Amino acid sequence: MSTDSNLNEAQNTQLRIDALEYHRSPTRGKIEVVATKPLSNQRDLSLAYSPGVAYACEEIAADPATAFDYTSRGNLVAVITNGTAVLGLGNIGPLASKPVMEGKGCLFKKFAGVDVFDLELDELDPDKLVDAIAMLEPTVGGINLEDIKAPECFYIEKKLRERMNIPVFHDDQHGTAIISTAALLNALKVVGKDIGQIKLVASGAGAAAIACLDMMVLLGVKQSNIYVTDSKGVIWQGREANMEANKARYAQATDARTLGDIVKDADVFLGCSTAGVLSGDMVKTMADKPVILALANPEPEIRPEVAKAARPDVIIATGRSDYPNQVNNVLCFPYIFRGALDCGATRITDEMKLACVTAIAELAEAEASDVVALAYEGQDLTFGPEYIIPKPFDPRLLAAIAPRVAQAAAESGVATRPIADMDAYRDKLGEMIYHTGFFMKPVFNKARANVRKVAYAEANEPRVLRAVQAVVDEGIAQPVLIGDETAIARAVKQAGLRLQAGVDYTVIAAQADTTLQGTRLLKSGQVDALICGMTGSYDSHLEHVRNEIGVAPGAEVLAAMNALVLDKLTLFITDTYVNETPSARELAAITRLAAEALQHFGLEPKAALLSHSSQGSSERPSARRMREARALLAEQSPELAVVGEIHGDAALSQEIRDIYGIDAGYTGSANLLVMPSLDAANILFNVLKVASGKGVTVGPILLGAAKSVHILSPSATVRRIVNMTALAAAQVV
């Protein structure tokens, strides 16, 4: 929501331009409302509205609980603010806060499948806000209060919890409290300290800080061992300046008046205040093996490198993504609401928050699965000083947290629809997370972990140069541009880019055929990966790759795969560009290569061999090839979840497979569609791209090459070039 302070002015300017364009185009804003039912004929209309809608209304009037069955209320949260305390921006008002609230809605949807109405209310009177929000209870299943300043936020949440029979959650308070408490529990476990014996010092006494302290007391920190400072200094018994009831609870009988006074011998520092308030000299006075939670954003109370220089034995967490141990509310709020909504919770109790704390803490200790390890390749995911809380994109979070929250709701008596089969619920949630479209995040993480030299064969192309600027800003590769140095410099200037030759990129003078030149640079090891294909035909580029790079040992074939981020799932489709009519053996080889590629995205492959035929219903050659390919895969790769030959609808629908008794070896939808021909694959991809993909595509991903090379298409967008650069860099062995 605010830019990192270490970005220079030029980077900030470019980020501002990019961010504004992102919000403006191709559709204004970040959210829309879409129908979940077909409205294609008169009968549909009669069911959706008059007269059919009356039957649903009558059922709800007779039994309000059935609103969960007949409306979207059970999956709908209102994100509400008056814009008085927007993170990093302050009191900017409700209208200016709307992009933040829309963004919060996107996170709810992407991470946990929760729908959101964002509501920005132009009201400062706390009682009027309470009245307005309370009137929304028939509309939504939960309330997420956001960016409302203290102390009003305490009062507003308290009154709403008293009046409403749906969950009310002020994320700035409780989300931060849950994540920071999980971090504290694990940090204390690493350093071997008893939570009941530690001295804790807090800088800041706003909503987040007080909620953190309350949660930590609930987990065992003694209130008598907590010392707090705010902008007026230490909160001490008898102080009158800038005091209110929530602060007064943490007042101590002490002569100390400054942070420097109270931080001496402290085991834990909790920062919910402002940048730079904790100095290295202060850290030196802390107890043995100190724990620092420096959560000010975007600039923490102390930088990790400063803290570690002062005390090498420190464990430190911040709110920043560019350091280990990021305390990020996205680890909590989507999942606590998911669990609360699914069990029909009437409120979010302390027990539910504690369940969230322990689930997060335990997940950090759990051994990383193959999927998680691949998703964060190059990073140490071993529980310890640099890994005390899970990564925000850990795909296990949803299935780990939401069931624990729902169970705690049932045990504390607030679940109106207790979940009977928790194992089935976990399975359903585990499947949901892979439909979020966040599959590129692990790829970017891998690329940043080991930055590689990526060559671009069409360096004079403006889209390539814009992509290179993003690649440099993201730190995912070292660009090597094949082209004319003068022409590139001129194009950079014309595009208004900040790229500097010799600093941000290197130039290799172009020869007659730049793709041929690029493949030879790759073959000789002068670069680690190659991006080409922005001009000319795919086949002409492929010929150079085939002749100069060749097929990887054991790969058998080259093939191409494209990915589409659709509304409800992400699909990979192969072979879209290379093999016109692959044999059964080639189809099996392509499936194995594609499945391996999915694992680079942190996805468990669920493959379907598609056909006009299903389970032996046709003897046409294409059906036989798909059937034979399935038999080869069963013999050669029995661990792979794959079904075929099968109709496309059955591959994507568990319900349809159940009707026909088809055991696919996976639940829910396939994510890898293997087509019987190049025509079928390419046509399907391009139709879906326009009809449903909203322009979010990745590929073509070249499979089976002995080196990391990808051939794009002339229609590739800047975003796709950046994505493919990250993938090319991440795939370097």
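**Close-up views of a predicted model**

**View 1. Lys 104, a buried residue of helix H5.** Lys 104 has a relative accessible area of 6% and is therefore classed as buried, since that term applies to values under 20%. The structure shown here and in the views that follow is a predicted model. Lys 104 is found in helix H5, which spans residues 93–112, and the UniProt annotation "active site", taken from an unreviewed entry, covers Lys 104. When residues up to four places away in sequence are not counted, Lys 104 touches Val 79, Asn 144, Glu 146, Asp 171 and Phe 333.

**View 2. Strand E5 and its buried side chains.** In a regular strand the side chains alternate between the two faces of the sheet. Strand E5, made up of residues 200–203, has Leu 200 and Ala 202 pointing one way and Val 201 and Ser 203 pointing the other way, and all of these residues are buried.

**View 3. Parallel partners of strand E5.** Strands of a sheet pair through backbone hydrogen bonds, either parallel or antiparallel. Strand E5 is joined by four bridges to strand E6 (residues 226–230), with the two running parallel, and Ser 203 stands opposite Thr 229 in E6. Between these two strands the chain passes from E5 through helix H9 (residues 207–218) to E6, forming a β-α-β crossover that is right-handed. Strand E5 is also joined by four bridges to strand E8 (residues 268–271), again in parallel, and in E8 the bridge partner of Ser 203 is Gly 271.

**View 4. An open sheet of six strands.** The strands of this sheet follow the order E18-E17-E19-E16-E15-E20, and their pairing is mixed. Strand E18 (641–646) and strand E20 (697–703) form the edges, each pairing on one side only, while the twist from one strand to the next averages 20 degrees.

**View 5. The E17–E19 pair and the helix packed on the sheet.** Strand E17 (residues 606–610) pairs with strand E19 (residues 672–674) in the parallel sense, over three bridges, and within this pair Ala 608 of the one strand stands opposite Leu 673 in E19. Helix H24, covering residues 584–600, packs on the sheet and touches strand E15 (559–565), strand E16 (570–574), E17, E19 and E20. The direction of helix H24 makes about 165 degrees with that of E19.

Methods. Residues are numbered from 1 along each chain as its sequence is written. This is a predicted model: local features need pLDDT of at least 70, side-chain atom pairs count only at pLDDT 80 or more; totals for chains, interfaces and linings use all residues. Side-chain values use heavy atoms; hydrogens and water are left out. Two strands pair if DSSP finds at least two bridges between them. Axes are lines fitted to C-alpha atoms, for helices over the stretch in contact, and angles run from 0 to 180 degrees between N-to-C directions. Contact means heavy atoms within 4.5 Å. UniProt positions are given in the numbering used here, feature names are shortened, and annotations may be inferred rather than shown by experiment. Buried means under 20% relative accessible area, exposed over 50%, partly exposed in between (1.4 Å probe, protein chains only). A crossover is right-handed if, with the strands pointing away from the viewer, the path from the first strand over the helix to the second runs clockwise.
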